[in-house]
Amino acid sequence: MSSMTEAELLQQVQNALHTSLTKDNAMSVAELSEALDMSESAVRKRLKKMIAENLAETIKVSRIGMDGIVSRRIAYRLINKKEEGERK
């Protein structure tokens, strides 16, 4: 994994978010970390860059924990450029 460029790593995060199977099209840091086989700190670093470049945003999502309790958590999703244009 260390031979990958920063751009390739960012592309992996974007691809994982783009192919998210959740109804909200968002993934938590832990979900991304597992999907990409990357540490959570590495995922956070890339997400921070994507947010700064206006490629991703944070949202609150509902997730069911192992105990069956639904809780709201922070997750990340790609910004749809069409939606972004409508916001401005």
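Helices and strands here are DSSP runs, at least four residues long for a helix and at least two for a strand, numbered from the N terminus. With that in hand, open the model, which is a predicted one.

**Stop 1: the whole chain**

Show the protein chain as a cartoon and count the elements: there are 4 helices and 2 strands. Followed from the N terminus, they come in the order α-α-α-β-β-α. Now colour by accessibility. The chain has 88 residues, and 35% of them count as buried. If you display contacts between residues at least 6 apart in sequence, 47% of these join residues at least 24 apart.

**Stop 2: the nonpolar core**

Select Leu17, Leu32 and Leu47. In the largest nonpolar core, which has 16 residues, these three touch the most other members. Next, colour α1 (6-18), α2 (29-36) and α3 (40-52), the elements that each give two or more residues to this core. Which element gives the largest share of this core? It is α1, with 5 residues.

Keep Leu32 selected and show what surrounds this residue. Apart from neighbours within four places in sequence, Leu32 is in contact with Val13, Ala16, Leu17, Met27, Val43 and Leu47. Two of the residues picked at the start of this stop, Leu17 and Leu47, are therefore on the contact list of Leu32, where contact means heavy atoms within 4.5 Å.

**Stop 3: where α2 meets α3**

Hide everything except α2 and α3. Their axes come within 9 Å of each other and cross at roughly 110°. Angles of 65 to 115 degrees count as roughly perpendicular, so α2 is roughly perpendicular to α3.

Add side chains to see which residues make the contact. From α2 come Val29, Ala30, Leu32 and Ser33, and they meet Glu40, Val43, Arg44 and Leu47 of α3. By type, the residues of this contact divide into 5 nonpolar, 1 polar and 2 charged.

**Stop 4: the loop between α2 and α3**

Bring back the loop that links these two helices and select Asp37, which lies in it. Phi of Asp37 is near 55°, a positive value in a residue that is not glycine. Is Asp37 buried or exposed? Asp37 counts as exposed because its relative accessibility is 67%, and the cut-off for exposed is over 50%.

Now select Ser39, found in the loop between α2 and α3 as well. With a relative accessible area of 39%, Ser39 is partly exposed. Show its polar atoms. The side chain of Ser39 makes a polar contact of 3.2 Å with the side chain of Ser41. A polar atom of the Ser39 side chain also lies 3.1 Å from the backbone nitrogen of Ala42. To finish here, draw a line from the C-alpha of Ser39 to that of Val29: the two residues are 10 apart in sequence and 9.2 Å apart in space.

**Stop 5: the loop between α1 and α2**

Move back along the chain and select Lys23, in the loop between α1 and α2. Lys23 is exposed, with a relative accessible area of 84%. Its C-alpha atom is 9.7 Å from that of Val61, although 38 residues separate the two along the chain.

Then select Ser28, which is also found in the loop between α1 and α2. Ser28 is buried because its relative accessible area is 14%, and buried means under 20%. Leaving aside neighbours within four places in sequence, Ser28 is in contact with Ile74 and Ala75.

**Stop 6: Asn54 and the way into β1**

Select Asn54, in the loop between α3 and β1 (56-64). Phi of Asn54 is near 60°, another positive value in a residue other than glycine. Asn54 is partly exposed, at a relative accessible area of 31%.

**Stop 7: Arg63 in strand β1**

End the tour at Arg63, in strand β1. Arg63 counts as buried, at 12% relative accessibility. Which backbone oxygen lies 2.9 Å from a polar atom of the Arg63 side chain? Select Ala26, the residue to which this oxygen belongs.

Lastly, show the other surroundings of Arg63. Beyond neighbours within four places in sequence, its contacts are Thr22, Asp24, Ala26, Met27, Glu31, Ile69, Val70, Ser71 and Arg73. Met27 can also be found among the contacts of Leu32.

Definitions and conventions: Residues numbered from 1 in each chain as written. Predicted model: local features only at pLDDT ≥ 70, side-chain atom pairs only at ≥ 80, totals over all residues. Heavy atoms only, no water. Core = buried A, V, L, I, M, F, W, Y, C linked by side-chain atoms within 4.5 Å. Buried < 20%, exposed > 50% of the residue type's maximum accessible area, 1.4 Å probe, protein only. Polar contact = N/O pair within 3.5 Å; in protein donor to acceptor, adjacent residues only side chain to side chain. Axes fitted to C-alpha atoms, helices over the stretch in contact; angles between N-to-C directions. Parallel < 35°, antiparallel > 145°, perpendicular 65-115°, else oblique. Nonpolar A, V, L, I, M, F, W, Y, C, P; charged D, E, K, R; others polar.
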